[in-house]
Amino acid sequence: MKDLYNILGVDYSADSETIKMAYKSLSKKHHPDMGGNEDTFKEISEAFQTLSDRAKKRDYDNKFFRKRNSHSSKPYQRRDKGEFDINYNLTLSIKEIFEGKTTQIHYSTYVFTGSFETCEKCQGKGKTQNKNNFLGSIVYSEDFCPKCGGLGKKVTFEKYDLQNTTVDVYIEPGFPPGQIKTFQGRGHENPFQNSNGDLKLKVDVEEEESWSLDNVDLWYYTDVNLLKFIKGGQILIPHFSSDIIVNLPEKSENSSFEKVLKVKNMGIQRRGFKGNLYIKVKPLIPDYINQEEEELLKKLVECQNFT
């Protein structure tokens, strides 16, 4: 049986969005019209058609995981510890990173249905004792039971059922985007240890037009009219804590076509340290000017300071 997850290059715990993104990337790379291999493209498409359909995915997982686990002689201690974990991406706005966020996330977990029988060879211990002759002496050693793979039991799989799960999560203010928050025991059921895997929640930050985040520093981008950019004046900043007013200085002789203002301690707070707020100001350039405005500009550029 083909490993469809491996074909798409995703974890067995990948959610629907991760599967979709992997498919889009691979199908573009291997599309025959782009010089890709037709058989590879077909294999990727078939994998996505199965894993993107809830019913087809459930049927495939039941067959695949039952076969995979029943033929595995690896002891659980040597398995991938993240095999029963669920990876979930949560995207927050910069404001939510600044303030913190309480929300609910919804996902599906696999619940095991089957039975267990005590391993006859190791009597449920998961280990067997070996007797070896070493330089004329009898040496005893323990190893994982070759019959049950160290589980101490024989697992008979019947099926995996999908179960809808809801978890309340709290992302504290200043949580670093890109890092993972772990919720123990909220992943897939692990029939080998009578427990559950973990929920691995990765926090991403949403791209915004007016705001960006640089570690603990906030950046705000704004335009002002040409007169204010040259002569200076006050600017209202819609900060997440409350609106603030900053003073834009008059343009100096050697200053560039943009200005950066700094407001201390108005950034993200993390581990007792607070970042700064940086404001990048540019002159407003209209996309369209009418005839009257064009005549005014023509007169303006004839002036000494604009030539």
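C122 is buried in this predicted model, with a relative accessible area of 3%, and C119 also counts as buried, at 5% relative accessibility. The structure holds zero disulfides. Beyond these cysteines, the points below cover a three-stranded sheet and a nonpolar patch on the surface.

**Cysteines**
- C119 takes part in no disulfide, its nearest cysteine sulfur being that of C122 at 3.7 Å.
- C122 is likewise in no disulfide, and the nearest cysteine sulfur to it, 3.7 Å away, belongs to C119.
- Because a disulfide requires a pair of cysteine sulfur atoms within 2.5 Å, the separation of 3.7 Å leaves C119 without one.

**Open sheet**
- Three strands make up an open sheet with mixed pairing, arranged in the order β1-β9-β6.
- At the edges lie β1 (86-92) and β6 (180-183), each of which pairs on one side only.
- On average, and with direction ignored, neighbouring strands of this sheet are turned by 25 degrees against each other.
- Strand β9 (residues 199-205) runs parallel to β1, and seven bridges join the two.
- One of the residues with a bridge partner in β9 is L92, which is matched there with V205.

**Nonpolar surface patch**
- A nonpolar patch on the surface is formed by L226, V301 and F306, which together have about 240 Å² of accessible area.
- L226 has its place in helix α6, which spans residues 226-231.
- L226 counts as partly exposed because its relative accessibility is 36%, a value that falls between the limits of 20% for buried and 50% for exposed.

Conventions: Residues are numbered from 1 along each chain as its sequence is written. This is a predicted model: local features need pLDDT of at least 70, side-chain atom pairs count only at pLDDT 80 or more; totals for chains, interfaces and linings use all residues. Side-chain values use heavy atoms; hydrogens and water are left out. Patches are made of residues with over 30% relative accessible area and no salt bridge: like charges are joined within 9 Å, nonpolar side chains (Val, Leu, Ile, Met, Phe, Trp, Tyr) within 5 Å. Accessible areas come from the Shrake-Rupley method with a 1.4 Å probe; for residues, only the protein chains shown count as cover. A salt bridge is a side-chain nitrogen of Lys or Arg within 4 Å of a carboxyl oxygen of Asp or Glu. Helices (H or I, at least four residues) and strands (E, at least two) are DSSP runs, numbered from the N terminus. Buried means under 20% relative accessible area, exposed over 50%, partly exposed in between (1.4 Å probe, protein chains only). Two strands pair if DSSP finds at least two bridges between them. Axes are lines fitted to C-alpha atoms, for helices over the stretch in contact, and angles run from 0 to 180 degrees between N-to-C directions.
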